[in-house]
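Reader: Please take one part of this model and go through it closely, residue by residue where that helps. I would like to see the loops and the helices around it treated together, with the cut-offs stated.

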Amino acid sequence: MLTCIAGGRVVDPTTARDAIGDVWLQDERVVEPPADGRADRRIDAHGHVVMAGAIEVHSHIAGGNVILSRLLLPELQVDEGGPLPGVTGSAGAIGEAYARMGYTTAIEPALAPTNALATHLELADIPFLDRGALSVLGNDDQLLALLRNRESSEAVRDLVALTLATSRGLGVKVVNAGGAVAFKEGAIRFGLDDEVPAYGLTSRHILQALLDAVEELGVPHPLHVHCSNLGLPGADETLIQTLAAAEGRRIHFAHAQFYAYAEAEPGAVSSGFRSAAERFAAAVAENPNATMDVGQVVFGQTCTLSLDVIRQFGGRKAASPRKWALVAGDAEGGGLVPFRYRRAGATSALQFAIGLELMLLSPDPERILLTTDHPNGGPFTAYPRILHLLMDREERDRELATLPRAVAERSSVGRLEREYTLSEVAAMTRSGPARLLGLDDRGHLRPGARADVAVYRDLPDRTAMFSAAAHVLKGGRTIVENGEVVDWQAGRTLSLSLGADPGMKRRADAYLETRFGTGLSGFAVPEAAFPGREVFSEVACRS
């Protein structure tokens, strides 16, 4: 079917396009306009803004910790307004909420290889979205043993490739490299140059080995890094040191807001931290190999969940409500701590301000991306309000005026005049995420792109505008009209097309058989687990 989305303000930063015009779709792809201008279907977009479907780069939407959060906090699944997909909602509610906002792709950033099949089964239940997941490495015995025994970089590369292939990951994530192992030996803080007990390795050593492996394999997405010392005053030093350790290799920092905490000035009246957003923005400007997603804090109730077992253990005393869960598994630990960000609290208010500050200071909206580290900083359903604050300084000033004095004293956000343009919004939520993930077929509206398109009413109230898209098309089919889902559609899970070395297969199979009583077949994600469904779509590596 040939579809014309006619007369809208088309915004596509990849072609510097921001003008009234048409977008043509042929079945599942964007195409050039036909010579005769005839369409089988015409969508009137006059008075509307037309963008590619939005792409989420870091959102915890499936996996063991997400399931545990529903069990730990059943009272947060509903409120007077209905489901709360941003906290503990179902797979269906998550898909619908994203679709209504114009999102068509989302990435789960914590795919534990030992739990890969269960995670993929849950991802496959999320409707409307294409999705992918990042395989977590950096605390598993097999990798650390290779490094301890000084095996070749080729062996490490082959293990990373095998892990990606068997777990069907779209990239590699490392969470506080070595920290989960150190926690089991009693560590409650673990830095970049601290040594992992029993392995004789530092976190820096593990990180650099993974950086090399990702580069050698040509994985499109750079190594996705959750640094150590998250949430602590002085965590800015950890992130900057980690950036230096990359030595020019591509690196992506997850939820950077939670590290943008410089220690308070000497002699400060009260203890705590001050914003390091200016330092981070300058670091991104000076290091073209680096990207970040923000991890914006949102006021209200949420549940923090992470594989960073040290951080979750440290945060358990602040649980609200007063319950928490902690898991220390074979390879990756993790935990859940419910938390309420309070508008009247100086710490929460400063966290909120720092996230906005990072985006407003961003030297390139394609390299500092909008996330809430869902649900750690708050629900992804807050994105429309965050965009409103970025685009409208008067609205932002009204919001900041309600916050404690610490915001003005310890951050520059109140002095920033910048207002995001629609093109910058599209770069931060469309083209930037697509480029980061290596998804060349989306995030733009050039011919050949997937026909994933969001059409919004061009409203001064940007919260209302981005909360309920007028039309959302997925693969050329309309799935949302006037903010409501009108047609159910299953998405696909994106994974890398990556071969595995036969020798490493044999080694890993023997290792797993000895350790768990089952070999590789017990951990792989076979298509046979999804009978009668087309679930996976492969993405090529760039080697």
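Author: Helices (H or I, at least four residues) and strands (E, at least two) are DSSP runs, numbered from the N terminus. The model is predicted, with local features needing pLDDT of at least 70 and side-chain atom pairs pLDDT 80 or more, while totals for chains, interfaces and linings use all residues. Residues are numbered from 1 along each chain as its sequence is written, and side-chain values use heavy atoms, without hydrogens and water.

The part chosen here is the surroundings of His221. This residue sits in the loop that runs from α7 (203-217) to β14 (223-226). At a relative accessible area of 1%, His221 is buried (under 20%; exposed is over 50%, partly exposed in between, with a 1.4 Å probe and protein chains only). Its side chain forms a polar contact with the side chain of His224, at 2.9 Å (a pair of N or O atoms within 3.5 Å; within protein, one must be able to donate a hydrogen and the other to accept it, and residues adjacent in sequence count only if both atoms are side-chain atoms). A polar atom of the His221 side chain also lies 3.2 Å from the backbone oxygen of Leu436. Not counting residues up to four places away in sequence, His221 touches Leu134, Leu170, Val214, Arg250, His252, Leu436 and Leu437, where contact means heavy atoms within 4.5 Å.

Leu223 is a useful second viewpoint. With neighbours within four places in sequence left aside, Leu223 contacts Val172, Val174, Leu207, Leu210, Leu211, Val214, Arg250, Ile251 and His252. Val214, Arg250 and His252 therefore appear in the list for Leu223 as well as in that for His221. Leu223 is also among the residues with the most contacts to other members of the largest nonpolar core, which holds 150 residues; Tyr98, Val160, Phe280, Met359, Ile386 and Leu390 are the others named. A nonpolar core is a set of buried Ala, Val, Leu, Ile, Met, Phe, Trp, Tyr and Cys residues joined through side-chain atoms within 4.5 Å. Helix α11 (residues 346-361) gives this core its largest share, 9 residues. A second core, separate from it, has 15 residues, including Leu25, Val50, Leu445 and Ala449.

Next comes the helix that leads into the loop. α7 packs against α5 (153-167) at an angle of about 70°, and the axes are 9 Å apart. Axes are lines fitted to C-alpha atoms, for helices over the stretch in contact, and angles run from 0 to 180 degrees between N-to-C directions. The two helices, α5 and α7, are therefore roughly perpendicular (65 to 115 degrees; under 35 is roughly parallel, over 145 roughly antiparallel, the rest oblique). On the α5 side the contact uses Ser153, Val156, Arg157, Val160 and Ala161, and on the α7 side Ala209, Leu210, Ala213, Glu216 and Leu217. By class there are 7 nonpolar, 1 polar and 2 charged residues in this contact (Ala, Val, Leu, Ile, Met, Phe, Trp, Tyr, Cys and Pro count as nonpolar, Asp, Glu, Lys and Arg as charged, the others, Gly among them, as polar). Val160 of α5 takes part in this contact and is also one of the core residues named above.

After α5 the chain enters the loop to β11 (171-175), where Arg168 is found. Arg168 is not a glycine, yet its phi is positive, about 60°. Its relative accessibility of 14% makes Arg168 count as buried.

Another helix belongs to this region. Of the 8 residues of α4 (residues 141-148), 7 are buried, so α4 is largely enclosed by the rest of the structure. The buried ones are Asp141, Gln142, Leu143, Leu144, Ala145, Leu146 and Leu147. They pack against α5 and α7, and also against α6 (179-184), β12 (195-196), β13 (201-202) and α17 (502-516). Arg150, which follows α4, has a positive phi near 55°.

One helix elsewhere can be set beside α4. In α12, 8 of the 9 residues are buried, so α12 too is largely enclosed by the rest of the structure. Ile386 and Leu390 are among its buried residues, and both are named in the largest core. The elements covering the buried residues of α12 include β6 (54-56), β9 (103-111), α11, α13, α15 (422-437) and α16 (462-467).

Finally, two proline bonds. The bond from Ser320 to Pro321 is cis, with omega near 5°, and Pro321 is in the loop between α10 (309-315) and β20 (325-328). His374 and Pro375 are likewise joined by a cis peptide bond, with omega about 0°; Pro375 lies in the loop between β22 (368-369) and α12.
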